[in-house]
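Here are my notes on the model you sent round. Please read them with the structure open.

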Amino acid sequence: MIFRKANQNVVSLSEAEYQELEKARRNNAYLAKLDRANEQIAVGKTITKTMEELEVMAK
């Protein structure tokens, strides 16, 4: 840790450690997104489309 004035401290770490922290952050964000989706499914907040409707939307 590098101590600076006014509580503006910084931490120095290797690129590999930084990449691991970023990977964990992205994974947590993705898991939270999945949790929100599962909650929406559980309470019936879904949209149902037929294959024909989806084909029309794709054009």
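The points below go from the overall form down to single residues.

1. Status. This is a predicted model. Please keep that in mind for each value that follows, as each is computed from the predicted model.

2. Overall form. The protein has 59 residues and a radius of gyration of 22 Å. A compact globule with that number of residues would come in near 10 Å. The C-alpha trace spans about 60 × 30 × 20 Å along its principal axes. Secondary structure amounts to two helices and zero strands.

3. Burial. How much of the protein is buried? Buried residues account for 2% of the 59 residues. The exposed surface of the protein is about 5900 Å². Carbon and sulfur atoms contribute 55% of that area.

4. Helix α1. This helix runs over residues 15-42. It holds 28 residues. From the first C-alpha of α1 to the last is 40 Å. That is close to the expected 40 Å, at 1.5 Å a residue. After α1 comes glycine 44, with a positive phi near 85 degrees.

5. The salt bridge. How many salt bridges does a search of the whole structure find? The search finds one. Glutamate 22 and arginine 25 form a salt bridge, and their closest N and O atoms are 2.8 Å apart. The two side chains are also joined by a polar contact of 2.8 Å.

6. Setting of that pair. Where does glutamate 22 sit? Glutamate 22 is in helix α1. Glutamate 22 and arginine 25 are about one helical turn apart, because they lie three residues apart in α1. Is glutamate 22 buried or exposed? Glutamate 22 counts as buried because its relative accessibility is 18%, and the cut-off for buried is under 20%. Arginine 25 has 47% relative accessibility, so arginine 25 counts as partly exposed.

7. Nonpolar surface patch. Which residues form the nonpolar patch on the surface? They are Met1, Phe3, Val11, Leu13, Tyr18 and Leu21. Together they have about 680 Å² of accessible area. Take valine 11 as one member of the patch. Valine 11 lies in the segment before α1. Its relative accessibility is 54%, so valine 11 counts as exposed; the cut-off for exposed is over 50%.

8. Backbone before α1. Most residues other than glycine have a negative phi. Two residues here deserve a look on that score. Alanine 6 has a positive phi, near 55 degrees. Asparagine 7 also has a positive phi, of about 60 degrees, and is not a glycine. Alanine 6 belongs to the segment before α1, and asparagine 7 is found in that segment too.

9. Exposure of those two residues. Are alanine 6 and asparagine 7 buried or exposed? Alanine 6 counts as exposed because its relative accessibility is 68%. Asparagine 7 has a relative accessible area of 67%, so asparagine 7 is exposed as well.

10. To recap. The protein has two helices and zero strands, and 2% of its residues are buried. One salt bridge turns up in the whole structure, and glutamate 22 and arginine 25 form it. The nonpolar patch includes valine 11, which lies in the segment before α1. Alanine 6 and asparagine 7 are found in that segment too.

Conventions: Residues numbered from 1 in each chain as written. Predicted model: local features only at pLDDT ≥ 70, side-chain atom pairs only at ≥ 80, totals over all residues. Heavy atoms only, no water. Patch = residues over 30% accessible without salt bridge, like charges linked within 9 Å, V, L, I, M, F, W, Y side chains within 5 Å. Areas by Shrake-Rupley, 256 points an atom, 1.4 Å probe, with all protein chains shown as cover. Salt bridge = Lys/Arg side-chain N within 4 Å of Asp/Glu carboxyl O. Helix = DSSP H or I, 4+ residues; strand = E, 2+ residues; numbered from the N terminus. Buried < 20%, exposed > 50% of the residue type's maximum accessible area, 1.4 Å probe, protein only. Expected span 1.5 Å × (residues − 1). Polar contact = N/O pair within 3.5 Å; in protein donor to acceptor, adjacent residues only side chain to side chain. Rg over C-alpha atoms; globule rule 2.2 N^0.38 Å.
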